[in-house]
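Morning, everyone. Let's walk through a structure that is new to most of you. Please have a look at it first.

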Amino acid sequence: MIADPTLPETTTVASSAGAGAQPSLRRLMGEIRQRKVATAGLLVFLAILLIALLAPLLAPHEPLKQNLGDNFLPPAWKDGGDWTYPFGTDPLGRDILTRLMYGARSSLIISIGAVFVGLAIGLVTGLVAGFYGGFLDTTLMRLGDIQLAFPFVLFAIAILAVSPNRTVWHLMAVLGISSWVIYARVVRSRVLSERNKDYARAAQAVGASRWRVLRRYVLPNVWQAMVPIALLNLAYFVVVESLLSFIALGLSPPNPSWGSIRADGRQYMMVDPWMALLPGFAIVITVLAIGLAADGFADILDPKLTQGAFQRQPLTSSMPDSTIAEESENDLLQVRNVCIDYPAKSGTVHAVRDVSLDVAPAEVVGIVGESGSGKSTLGLAIMQLLDAPGRVTDGALLFEGADLARASNKRMNQIRGRGIGMIFQDPGNSLNPVLTVGYQLAEVIRANRAASGDGIRTLARQSLAAMNIADPDRVLRAYPFQLSGGMQQRVMIALAMIAKPRLLILDEPTSALDVTTQAQLLAELESLRAEHRTSMLFISHDIALLAQIASRIVVMYAGQVIESGPRDTVVANPLHPYTRALIGAVERVDAAGEERLEAIAGDPPDLRIVQPGCPFAPRCPLVMDRCWTVAPPRIAREPGHEVACHLYESPGSKEIAA
Amino acid sequence: MLAFALQRTAQMALVIFGVITLTFFAIRLVPGDPARLMEPPGTPESVLDLTRQKLGTDKPLSRQYLDFLSQLARGDMGTSFRGGRPVASTVLESVPNTLALGAISMAITTLVAFPLGIAASRKPNGWLDRATLALSSIAQATPGFWLGVMLALLFAVNLRWFPAIGNAGWKSYVLPVATLVISLFPLQIRAVRQAFIETMGEGFVRAARARGLSERRLLGVHITKVAAIPLITIIGLQAGYVLGGAIVIESIFNWPGIGNLTLQAISQRDFPMIQGTVLITAVVFTLINFFVDLTYAALDPRVRLR
Ligand code: SF4
């Protein structure tokens, strides 16, 4: 999901914060505090780490001091135990608590060291592979593949088994080398994606050196992604280290280690089960704590995994009275005072605010606005396909008189496809990649009982032919990735039209296509409308495009409708300063004949904040004092042409009660 | 497809060759003389020399390596330094034991992890999801070797329900399989859950839902067919882990498999036996990887028809 305009600021805020170099790691630390379980895990881990590092100061005895008179003493809470040896002693009379603390010390030092070894190797190889590419890249990554393709434990055992004296350094190196591939892969893919981003390109264009771009833009993002991976790696090493010492391949004796205490304990399990149990618990607690912290960090970086994508629940509040009063037979779709929110920890995003609009049978209505204006969110809301956690909080979406926001899930499933169809921006991502076009068409035909038996294939072929697809049989057999973008979008439309929906919502259907294909597709949509009298809600950032196909145009800004009216009046006589700027931008593009200029100076507003005045005020060239404090009323100028702007509050105009 | 298979076969052969060569030199280049280990301490040098001659470790390394390769080319993996058993048959006898343990564990893991992971993914952060994740976090934090000993202590030594060591009928499988399943399922359940949640968020699922397809069709066909693809890789990786992890599990339960054999051979510096076990492990492992790749290609037309 890259720059999906249907996902409002929640995601874009998160990713753009990552672009601003330094704060990313700090942000991660800040956010982890809001997650109780992860914070608890992190604190427990830090406590264990502290005990481990301070073992020489804290431990009650010497780790290697034998006291044969005191061997096999039970722990303090058992008969015969006392607090001189809280956890008892081992067969050589050494204090188990002390040995556990020193065991933690060697285990954590080795594991942390190994993480850094792996991280260092992975970082260097990943950066080199990502930045230089070519032969170096292929060789390094292939080497990694081969290493991953072999069970590493076997290698570790073979190497360690033949090392006569195993020190901390040996273990760090052996473990660390095992994990470089994981880091290298992440670093490499990050480098590849970051270096192609605009800011990195721009920096390089103005002459910043490769390494400067790397340090300033790429590394901060890389570090952030590394945190959960490194933690999981650390947890894994703690286990592997104890495993190695358990099978007597860890630190050379008599150095204490959790695994070797366990192994000693195993021999005397009958006499003294505590010796076997305690180090096990120590490992479980440590690894669990690290794992929980890692989960927390991973969750911050990719909240989708705890949020889920689609969790629709019908609205339970009753419909506003105004909606029922206004109902009219004539309109197919009536959007009434709809508000849509995306609750988020950093503040609820009010993506759509009190929006109303109508679509009549066989009418094409265009919604225009920049990304983040709420236009796509509105389209998804009509289909009741908002991604979690977004939801309609107020208003009504009346389709043929029934409110979609309050419809049951079952009812909504009947309306989707059959009552309302939807075409999305990215056709390549809208078809199932592993099913043939023929399968996906047949599936919809069966679901709608549009044909049966041999008729299915005939109908599938016909529906493709109706979209001017010259070779329907080839396309039926093809997988989506074998088709061009224009062809994919034709298939999408054919799929949507099988159920003969009364309304078709088109969300930037041609934005991903080249100009010629775009023109062909528009012509095909127009003939569909003429033939089937399908109403269309056409969503686009391009007002010139809408002027070609829509009979009415609705302009959205910051989640609100700021101007709406018949196409001709809106295009010929735009009222709102924002609409004027949009049309002005089109004219400038036409004049220049190339490069699309940034339409209007300034940034789109932060949708988490509800300003008292006009949302466009910070960017408006005609802003007045009043605009900052008083929300502009909706004013009707010509029949059906409405605008929300203080400029038109002259005595001649009529204010509409909201 | 044929070119792909040939290329992979060549690559596998190369990997296996690299692994056995590495093993051959690694075990010989480090101190520790097998002859000295075989004879009682204090044996005079003259006797040790005879033993070395018998074992062939007196010859120069390059000579030993060439002998080893030409033997191998004839399908002969040599005889064990200990007791003179032929390596090939000893290793091959142990393989089915390991494979049976691994296959049963993998099958049970998959049968548990898939339904549970999919059910958890339906409502991320719901009670089932949280419970599943909590359980898998704990299982993940429990080292297999510790768990194995604990299970043996409880169910074999104290309760005497199952045998603690060896392979004597189905009862012997219970404890090692349980240990392996508990170490395998956390990763798999997380992978299943993640693959399904991620796939559910894909544009094509949303588009299919917009076409009015039933939730059953969405989950049963559209989501599952795509989510299964990355999971093939995970299952392959886990199969490799079982093979590697077998060393530990087998030594705990004294299971007559290849892992146990490897560990014994290492501690006895039984060169031919080490070479044999490593060679067979490498072969089995690369074969598993090969089948994973084939399945991957079969499931994903984007790979198959590239
Ligand atoms: S209300 Fe004021 S700030 Fe808003 S568009 Fe009109 S003039 Fe500009």
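Which residues does A:Ile157 touch, leaving aside those up to four places away in sequence? Keep in mind that this is a predicted model. On chain A, the partners are A:Leu244, A:Ile247 and A:Leu249. On chain B, they are B:Ile247, B:Leu263 and B:Ile266.

Now step back to the core. A:Ile157 belongs to the largest nonpolar core, which has 114 residues. A:Ile157 is one of those with the most contacts inside this core, along with A:Leu244, B:Val91 and B:Phe145. Which element gives the most to this core? That is helix α10 of chain A, residues 210-246, with 17 residues. There is also a second, separate core. That one has 102 residues, among them A:Ala381, A:Ala405, A:Met556 and B:Leu218.

Next, the strands of chain A. Strand β1, residues 333-342, runs antiparallel to strand β4, residues 391-399. Seven bridges join them. In one of these, A:Gln334 is partnered with A:Leu398 of β4(A). β4(A) also pairs with strand β5, residues 402-403, again antiparallel, over two bridges. There, A:Phe399 stands opposite A:Ala402. β4(A) and β5(A) make a hairpin, with two residues between them. In the turn, A:Glu400 has a positive phi of about 50 degrees.

Last, the ligand. What classes of residue make up the shell around the ligand? Ten are nonpolar, two are polar and none is charged. The residues around the ligand include four cysteines: A:Cys614, A:Cys620, A:Cys627 and A:Cys645. A:His576 and A:His646 are there too. So are A:Pro577 and A:Phe616.

Definitions and conventions. Residues are numbered from 1 along each chain as its sequence is written. Chains are lettered from A and ligands numbered from 1 in the order in which they are written. This is a predicted model: local features need pLDDT of at least 70, side-chain atom pairs count only at pLDDT 80 or more; totals for chains, interfaces and linings use all residues. Side-chain values use heavy atoms; hydrogens and water are left out. A residue is near a molecule or strand if one of its heavy atoms lies within 4 Å of it. Ala, Val, Leu, Ile, Met, Phe, Trp, Tyr, Cys and Pro count as nonpolar, Asp, Glu, Lys and Arg as charged, and the others, Gly among them, as polar. A nonpolar core is a set of buried Ala, Val, Leu, Ile, Met, Phe, Trp, Tyr and Cys residues joined through side-chain atoms within 4.5 Å. Buried means under 20% relative accessible area, exposed over 50%, partly exposed in between (1.4 Å probe, protein chains only). Helices (H or I, at least four residues) and strands (E, at least two) are DSSP runs, numbered from the N terminus. Contact means heavy atoms within 4.5 Å. Two strands pair if DSSP finds at least two bridges between them.
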